[in-house]
Amino acid sequence: MSLAPQDLPADELARLGALAERLAREAGALVRDGRPRRVDVAATKTSPIDVVTAMDLASEALLRRVLHEERPDDGILGEEEGHAAGTTGVTWVVDPIDGTVNYLYGIPAYAVSVAAVTGPPVPGEWTVQAACVHAVADGRTWTAVRGGGAFLDGERLAVNPPAPLAASLVGTGFGYTVERRRAQGRVVAALLPRVRDIRRIGSAAMDLCTLANGGLDAYFERGLAPWDLAAASLVAQEAGAVVTGLRGAAAGTAMTVAGPAATVATLVALLEELDADDDAP
Ligand code: LIP
């Protein structure tokens, strides 16, 4: 039986999965063992509170160095150093520390996120083939390969069965600019009376993985970058979640919504009604 273009042979999937896990664990060890008692800000990006630390840069440098050694012709898209195209059709989408502000404050909810995708490295156009999200502080490690299920430390995962929104624990997150945060505050204020409660973990990769292991009933966030979304979206999908955007769009920067199908349908309708994909006040 011939494979569809986005279908990779099982042995290649296994190789990509194994390398994704090795990369995430190696960078995770660097981040964990190299954390100074007081972390300094090395630079800022979209706003004064959108920070980069020396360890974000060191972790990405490690990921790129190992990838150059192991798969020199693959592409890489990383949060800190951007996109370097490859020739093999495989691109590694990496977030050296997802949850950088948590890392800065010593809140133990940050992760190294590594995904191998085929197709353009763009949400909605890519096919995520293999993924690993490694929680640096406690070592929990989520893995998935396409069609092979999702695992947490080797245990197979399934999202919670759908529950009415009023009984659903919903994860979300906020951006780094005042306009974006004002708009997100408006949406959360409207949602709060209609859900069980809201959780703000501070790392989209850990939010989506927590959904996959049943620690949340649903998740949504506006403003995710490809590296926040890539690996954890496959973990959530392989655990049975729908991961989508609004108005028929794929999950991406405008909006990402995830959970069991029935819950997502209700949440998407509500978020569309609230124009949650628009920063207008
Ligand atoms: C973070 C995301 C989180 C979001 C933060 C930030 P970073 O990524 O994972 O969901 O709410 O604003 O974007 O900047 O730590 O890689």
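The domain bounds I use here come from an automatic or database domain assignment. This is a predicted model, so I keep that in mind throughout.

**Entry: where the ligand sits.** I looked up the pockets and found the ligand in the largest pocket.

**Entry: who surrounds it.** I pulled up the shell and got 14 residues around the ligand, with Asp98, Gly99, Phe174, Ala204 and Glu221 coming nearest. By type, I get 6 charged, 4 polar and 4 nonpolar residues in that shell.

**Entry: which parts of the chain supply the shell?** I checked the strands and saw that β5 (residues 90-98) gives the largest share of the shell, 3 residues. Then I checked the domains: domain 1 (10-156) and domain 2 (165-273) each put at least three residues into the shell around the ligand.

**Entry: polar contacts.** Which residues offer polar atoms to the ligand's oxygens? I went through them one by one. For Thr100 I noted a polar backbone atom 2.8 Å from an oxygen atom of the ligand. Tyr176 uses its side chain instead, with a polar atom 2.9 Å from a ligand oxygen. Asp228 also has a polar side-chain atom by a ligand oxygen, at 3.5 Å.

**Entry: how much of the ligand is covered?** I looked up the accessible area: the ligand taken alone exposes 370 Å², and the protein buries 94% of that.

Note on methods:
Residues numbered from 1 in each chain as written. Predicted model: local features only at pLDDT ≥ 70, side-chain atom pairs only at ≥ 80, totals over all residues. Heavy atoms only, no water. Near = heavy atom within 4 Å. Polar contact = N/O pair within 3.5 Å; in protein donor to acceptor, adjacent residues only side chain to side chain. Areas by Shrake-Rupley, 256 points an atom, 1.4 Å probe, with all protein chains shown as cover. 1 Å grid on protein atoms, 1.4 Å probe; cavity = no way out; pocket = protein on both sides within 12 Å on 5 of 7 lines; lining within 4 Å. Sits in = over half its atoms within 2 Å of the grid points. Helix = DSSP H or I, 4+ residues; strand = E, 2+ residues; numbered from the N terminus. Nonpolar A, V, L, I, M, F, W, Y, C, P; charged D, E, K, R; others polar.
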